[in-house]
Amino acid sequence: MKRPTIADIARQAGVSKVAVSYALNGQPGVSDRTRASIRRIAAELGWRPSSAARALTGSRAGVVGLAMCRPAGFPGVEPFFMELISGIEAVLAERDNALMLQIVPDHERETEVYHRWWGEGRVDGVIVLDPHHEDPRIPVLEGLRLPAVVVGHPSAAGGLTAVWSDDSVGVREAVRHLAGAGHRRLARVAGPTRLTHTALRDGALRETCAELGLPAPRITHTDHTGEGGADATRALLTAPDRPTAIVFDNDIMAVACLSVAAELGLSIPADLSVIAWDDSPLTRVVRPALTALGRDIAAYGGRAATALLTVIEEGRPAGEPGVGVEEPPARLIPRGSTGPPPGGV
């Protein structure tokens with residue numbers, strides 16, 4: 001089916017293409033009656049403005065970009081990202097905007113995508129995930145003056161607006177929950193060390209254990225995948241003085257822990273307590289159901305989209321920071337995967 005054009009609308013309305021352009025772009029030069037007739041015909045024909053044409057005229061594309069640096073199949077199996085994207089899309093749809101999603105293998109390709117999107121006028125702004133120390137994407141976006149919002153701690157956002165929550169609150173609550181049950185040997189299976197939230201959670205864990213008089217926790221860094229989580233769990237549980245409780249950086253790794261524990265003949269929570277970050281359908285359908293650090297991830301994504309649309313509407317490019325948006329912290333949801341340590345020690 002041929003895509004309707006301004007010429008098609010002009011032909012049916014019996015006016016010039018210039019008149020159609022004036023009517024559709026809200027410019028003076030046509031009567032109210034003619035404008036209404038042209039817009040009615042455009043709607044009947046299913047006409048939509050071309051993003052390329054809008055870029056040439058300096059108009060907005062009505063599109064927000066999200067380039068995710070992940071293995072191709074990974075976002076589809078991690079509930080956090082699916083819920084985050086659903087929240088982003090819900091807000092964009094309400095404002096008649098669309099989401100352009102692209103999976104990239106590394107930050108070099110990600111910055112290439114930003115250059116292309118901005119140069120071709122494909123997006124009005126972008127949402128940036130997983131900020132880290134000396135993040136190379138931040139100066140690129142600032143140099144492009146591309147409106148952007150970072151989902152992450154302000155310390156890594158540079159001149160960009162940050163949408164974030166205080167991860168130390170959840171970490172402290174998890175440690176106090178475990179210490180209150182009698183645990184002393186704690187471990188954490190975390191994501192890559194370069195990520196800002198990984199470093200913040202590591203620090204909060206060490207500080208809280210020290211405050212409570214617990215031995216220094218064992219921290220293992222991996223890649224957020226089930227395989228990585230399983231390998232890290234196996235190493236921890238086969239080592240001398242194995243931990244009696246492990247806190248995982250996502251639900252996939254925590255679920256993988258259940259399988260490894262079963263392989264080693266360990267019962268949860270009798271032999272090992274497990275906490276997952278974040279809460280998701282996965283944490284609720286396994287047995288035992290996983291104690292988790294939960295937050296409204298869809299709302300988190302929605303707030304990021306709202307913040308970016310505000311940046312775009314205010315005409316504030318990257319490099320001119322606005323007020324950051326702090327979200328409520330994750331809270332502990334106790335379930336069947338945590339209990340007293342074996343032997344009460």
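Biologist: Which side chain makes a polar contact with the side chain of T338, and at what distance?

Modeller: In this predicted model, the partner is the side chain of H177, at 3.1 Å. The cut-off for a pair of N or O atoms is 3.5 Å, and 3.1 Å therefore satisfies the distance condition.

Biologist: Why is T338 called buried?

Modeller: Its relative accessible area is 14%. Buried means under 20%, so T338 with its 14% is classed as buried. The residue sits in the segment after β12 (331-333). Apart from residues up to four places away in sequence, T338 touches H177, L178, P269, S273, V274, I275 and T291.

Biologist: How do you know that strands β1 and β2 pair, and in which sense do they run?

Modeller: Strand β1 (residues 63-69) is joined to β2 by 7 bridges, and the two run parallel. Pairing requires at least two bridges, so the 7 bridges between β1 and β2 meet the criterion. One example is V64, whose bridge partner in β2 is L99.

Biologist: What is the strand order of the open sheet with 6 strands, and what makes a strand an edge strand there?

Modeller: The order is β2-β1-β3-β4-β5-β11, with parallel pairing. The edge strands, β2 (98-104) and β11 (325-327), each pair on one side only. From one strand to the next, the twist averages 20°.

Biologist: Which helices pack on this sheet, and at what angles?

Modeller: Helix α5 (residues 79-94) lies across β1, β2 and β3 (125-129), and runs at about 150° to β2. Helix α7 (residues 137-144) packs on the sheet as well, touching β3 and β4 (148-151), and its direction makes about 170° with that of β3. Angles run from 0 to 180 degrees between N-to-C directions, so a value of about 170° places α7 close to antiparallel to β3.

Biologist: How do you know that both faces of β6 are covered?

Modeller: In a regular strand the side chains alternate between the two faces of the sheet. In β6, L186, R188 and A190 lie on one side, A187 and V189 lie on the other, and all are buried. The count for β6 (residues 186-190) agrees: 5 of its 5 residues are buried.

Biologist: Which strands pair with β6, and over how many bridges?

Modeller: Strand β8 (residues 245-248) is joined to β6 by 4 bridges and runs parallel to it, and R188 stands opposite V247 in β8. Strand β7 (residues 218-221) also pairs with β6 in the parallel sense, over 4 bridges. Here R188 stands opposite I219.

Biologist: What is the handedness of the crossover from β6 to β7?

Modeller: The chain passes from β6 through helix α9 (residues 196-211) to β7, and this β-α-β crossover is right-handed. The term means that, with the strands pointing away from the viewer, the path over the helix runs clockwise.

Biologist: How many residues has the largest nonpolar core, and which have the most contacts inside it?

Modeller: That core has 46 residues, and Y114 and V126 have the most contacts inside it. Its largest share, 9 residues, comes from helix α13 (residues 297-313). Leaving aside neighbours within four places in sequence, V126 is in contact with several residues, including Y114, W117, L141 and L308. A second, separate core of 20 residues includes A187, C257, A261 and L290.

Biologist: Which residues of helix α1 are buried, and against what do they pack?

Modeller: In α1 (residues 6-13), D8, I9 and A10 are buried. The buried residues of this helix pack against α2 (17-24) and α3 (32-45). Just after α1, G14 takes a positive phi of about 70°.

Technical notes
Residues are numbered from 1 along each chain as its sequence is written. This is a predicted model: local features need pLDDT of at least 70, side-chain atom pairs count only at pLDDT 80 or more; totals for chains, interfaces and linings use all residues. Side-chain values use heavy atoms; hydrogens and water are left out. Contact means heavy atoms within 4.5 Å. Buried means under 20% relative accessible area, exposed over 50%, partly exposed in between (1.4 Å probe, protein chains only). A polar contact is a pair of N or O atoms within 3.5 Å; within protein, one must be able to donate a hydrogen and the other to accept it, and residues adjacent in sequence count only if both atoms are side-chain atoms. A nonpolar core is a set of buried Ala, Val, Leu, Ile, Met, Phe, Trp, Tyr and Cys residues joined through side-chain atoms within 4.5 Å.
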